[in-house]
Amino acid sequence: MSASTSSCLLARLLASGKFWLKRARIDSPDLGEGTPPPGADGALLADLRIEGDRIRAVLPAGEAPCCAPGLCLDGGPVRPRGGCTAVGPGQPADLTVILSDGERLEMEQGRVVQPDPPSSRA
């Protein structure tokens, strides 16, 4: 799947405000309370349920309903961003998401935000 296809799909998912980020890799220092334990490598492969501006659930990978709207990250990392320190239920959906094709998406309150353009110096 191309970067533009992934972005287009994610934009459609975000419109509903309720979606899954499936097969996301979360490093153990970023895990919040209420998440399954990390694997032997110190990371968790998980399905994250986003509802509105919050992470509502973190399940072991493959446990999200198969027909539920979502985007498979194929092990792409998800990290907290901004003032957030953890990825877990009840935490803000302020996340850095790396898609399986390497594209980086920044999310605030469950919505994709565009990075600030570089400032031009006159």
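Start by selecting Glu106 and Arg104: their side chains meet in a salt bridge, 2.7 Å from N to O. Here a salt bridge means a side-chain nitrogen of Lys or Arg within 4 Å of a carboxyl oxygen of Asp or Glu.

The model is predicted: local features need pLDDT of at least 70, side-chain atom pairs count only at pLDDT 80 or more, and totals for chains, interfaces and linings use all residues. Residues are numbered from 1 along each chain as its sequence is written, and side-chain values use heavy atoms, with hydrogens and water left out.

**Stop 1: the salt-bridge network**

Stay with the pair and colour by accessibility. Glu106 counts as buried, at 15% relative accessibility. Arg104 counts as exposed, at 53%. The classes are buried under 20% relative accessible area, exposed over 50%, and partly exposed in between (1.4 Å probe, protein chains only).

Now add Glu108 and Arg81. They form a salt bridge, with the closest N and O atoms 3.0 Å apart. Glu108 sits in strand 7 (residues 104–108) and Arg81 in the loop between strand 5 and strand 6, so this pair ties together parts 27 residues apart in sequence. Glu108 is partly exposed, with a relative accessible area of 40%.

Show the four side chains together. Arg81, Arg104, Glu106 and Glu108 are linked in a network of salt bridges.

**Stop 2: the sheet with strand 7**

Switch to cartoon view. Helices (H or I, at least four residues) and strands (E, at least two) are DSSP runs, numbered from the N terminus. Two strands pair if DSSP finds at least two bridges between them.

Select strands 5 to 8. They make an open sheet of four strands in the order 5-6-7-8, with antiparallel pairing. Strand 5 (78–80) and strand 8 (111–113) stand at the edges; each has a single partner strand, so one side of each lacks a neighbour in the sheet. Neighbouring strands are turned by 35° against each other on average, direction ignored. For such angles, axes are lines fitted to C-alpha atoms (for helices, over the stretch in contact), and values run from 0 to 180 degrees between N-to-C directions.

Zoom in on strand 5 and strand 6 (residues 95–98). They pair in the antiparallel sense over three bridges. Which residue is the bridge partner of Pro80 in strand 6? Select Leu95 to see that partner.

**Stop 3: the other sheet**

Next, select strands 1 to 4. Here an open sheet of four strands runs in the order 3-2-1-4, with mixed pairing. Its edge strands are strand 3 (54–60) and strand 4 (70–72), each pairing on one side only. The twist averages 30° from one strand to the next.

Pick out strand 1 (residues 18–27). Strand 1 and strand 4 pair in the parallel sense over three bridges. Click Trp20: opposite it, in strand 4, stands Gly70.

**Stop 4: another salt bridge**

Select Arg49 and Glu51. Their side chains meet in a salt bridge, 3.1 Å from N to O. Is Arg49 buried or exposed? Arg49 is buried, with a relative accessible area of 15%. Glu51 is partly exposed, at 27%. The count of salt bridges comes to six.

**Last stop: the whole chain**

Zoom out. The protein chain has one helix and eight strands. From the N terminus, the elements run α-β-β-β-β-β-β-β-β. Buried residues make up 40% of the 122 residues. Turn on the surface: the chain exposes about 6700 Å², and carbon and sulfur atoms supply 50% of that. Accessible areas come from the Shrake-Rupley method with a 1.4 Å probe; for residues, only the protein chains shown count as cover.
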